[in-house]
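Colleague: I'd like to learn how to read salt bridges in a model. Could you walk me through a few?

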Amino acid sequence: MITQRTRIFCLLAVVGFSVAATNNQSKGKKPYKIVCYLGSWANYRRDDGKFLIEDIDPKLCTHLVYGFAKLNHNNKIAAYDPYLDLKENWGLGAYERFTGLKKKNPSLKTLLAIGGWNEGSTKYSRMAKTASSRKTFIDTCIEFLQKYGFDGLDLDWEYPATRGGIPEDRKNFVLLLKEMKEAFSSRNLMLTAAVSAGQNTIDQAYDIPALGKYLDLINLMAYDFHGGWDKVTGHNSPLYSRPEEEGSEKTLNIDYAVKYWLRKGAPAEKLILGMPLYGRSFTLKDAPESGLGAPVTGKGMAGEYTREQGFLGYHEICKKLQKEKGWKVTVEKHVQAPYAVKDRQWIGYDDIKSISGKVDYLIQMKLGGAMVWSLETDDFRGKCHGYRNPLLNAINAVLNGSSLPLPDFNIDEDNSIFQNIPSSSSASPRTSTEVTPKSVAVTTSDPGDEPLPCPRDGYFRHPKNCRLFYLCQPRKPGQDAGYQIYLFTCGAGTVFSEDMRTCAFPSSVPGCSES
């Protein structure tokens with residue numbers, strides 16, 4: 001029997017938050033893009049932070065982008081790390097292994113990114129300045145891409161006309177794209193670019209209508225709005241501005257950046273919203289003053305594996321919140337993403353629910369899809385939620401109506417069920433919420449007192465309500481024979497599929513289409 005006080009969980013807030021996916025594509029519209037960048041240097045990280053090409057799930061992305069190649073001073077493209085990237089001279093052959101992922105997903109496109117923040121702008125400015133140097137670059141890119149099996153090039157010049165560039169870069173960048181597009185098209189190669197979300201950089205660097213004409217995809221890096229370079233705390237990737245922000249502060253958010261690109265002429269279907277699979281940390285000046293806009297002394301803690309001051313991957317953050325006591329998590333209603341505080345350490349990051357909210361936003365704005373930086377900082381080993389790549393899975397769930405894996409549960413001695421997920425993920429982003437991350441059981445009333453059948457141990461759909469499902473678990477030795485039953489509920493707009501062993505959309509579950 002299920003008593004009136006049966007303990008249940010609201011399974012993965014993201015599933016309920018993903019109702020928008022039921023209408024995610026109108027008839028005839030091309031599927032959303034999911035562009036996934038790889039920071040290849042994660043190959044050298046230690047222990048659970050080490051990320052290999054083989055750790056990539058190629059079915060979770062439509063486009064994989066390998067970061068990075070470099071530009072030599074002779075204006076030719078070159079491998080950034082020949083030992084890692086190439087097979088020659090007993091190298092690890094990461095390029096070949098990366099493009100080989102298309103064997104597992106024939107519709108996958110693999111691209112090579114050139115540039116990045118550490119490459120700067122000076123070399124690219126020099127290369128783009130003359131027709132002859134541009135031709136040298138383009139010719140070597142085509143040869144390089146074809147040799148290693150890539151489907152295209154992602155230009156990550158950070159940024160034209162800034163960081164050592166010249167004002168003419170804005171015009172020369174367009175000439176470079178035009179000439180590249182002409183040369184690439186006849187060879188069926190894609191041309192994409194990663195672009196800034198900061199208004200000052202946008203105005204200096206980009207002729208946006210021209211970029212929309214020549215690029216196949218425009219990957220908007222809608223993160224790093226705030227970080228250790230600031231004097232006060234700010235979220236890495238806020239969705240909206242806060243009422244108390246003034247002047248240029250109001251431009252440092254996703255909503256402003258997206259609308260600015262669109263207003264300046266970017267084609268919505270080519271604009272891909274970038275999302276961070278990492279957070280930024282600060283060290284507070286005074287622990288009691290710990291909200292958004294609080295004074296800081298500089299960057300905060302480094303991640304256990306990434307080891308960069310002021311930067312932590314989601315896999316490091318979720319582990320920290322679960323294992324360490326004392327963290328307080330807040331979700332501000334305009335930022336719509338959490339930040340965690342303990343003593344003088346402050347971390348702004350994205351979790352399953354905030355990532356899902358960003359995807360809902362891009363759907364509402366009719367953008368072309370989602371981009372993530374970067375694969376190796378998701379929980380790719382499944383340590384926090386009981387399944388791998390929870391953030392990337394959430395993006396797929398909302399965009400394409402796919403289902404999420406059923407998480408693992410722990411049964412406590414008092415027969416309570418605890419889900420392996422930080423409670424911040426179940427906090428509503430619509431209001432300001434403070435919680436202390438720990439395992440939390442939610443209680444509710446049972447919709448009926450009739451016995452539920454247990455043909456064997458496992459998960460089963462409730463016979464009278466498709467949104468409900470239950471776990472049959474054999475009782476422990478010494479207890480009464482039979483099964484202990486635990487009841488769960490799927491999020492709004494979803495029902496339980498016994499075949500898929502997860503909550504899914506009603507259209508994919510026979511007999512539940514009217515739920």
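Colleague: Which residue does Lys181 form a salt bridge with?

Modeller: Here's the general idea: side chains of opposite charge can pair when their charged atoms come close. In this predicted model, Lys181 pairs with Asp216, and their closest N and O atoms are 2.8 Å apart. Lys181 sits in helix α6 (residues 169-185), while Asp216 is in the loop between α8 (208-214) and β8 (217-221), so the bridge ties together parts that are 35 residues apart in sequence. Asp216 is partly exposed, at 24% relative accessibility.

Colleague: What parts does the pair of Lys147 and Glu88 tie together?

Modeller: Start with the contact: the closest N and O atoms of Lys147 and Glu88 are 3.7 Å apart, and the two form a salt bridge. Lys147 belongs to helix α5 (residues 131-148) and Glu88 to the loop between α2 (82-85) and α3 (94-99), so this one links parts 59 residues apart in sequence. As for surroundings, Lys147 is exposed at 56% relative accessible area, and Glu88 is partly exposed at 37%.

Colleague: And the bridge between Lys123 and Glu119: is Lys123 buried or exposed?

Modeller: Buried means under 20% relative accessible area. Lys123 comes in at 14%, so it counts as buried. Its partner Glu119 is buried too, at 13%. Their side chains meet at 2.9 Å, N to O.

Colleague: Which residues are linked in a network of salt bridges?

Modeller: Asp48, Arg381 and Lys383 are linked that way.

Colleague: How many salt bridges are there by this rule?

Modeller: The count comes to 21.

Definitions and conventions. Residues numbered from 1 in each chain as written. Predicted model: local features only at pLDDT ≥ 70, side-chain atom pairs only at ≥ 80, totals over all residues. Heavy atoms only, no water. Salt bridge = Lys/Arg side-chain N within 4 Å of Asp/Glu carboxyl O. Helix = DSSP H or I, 4+ residues; strand = E, 2+ residues; numbered from the N terminus. Buried < 20%, exposed > 50% of the residue type's maximum accessible area, 1.4 Å probe, protein only.
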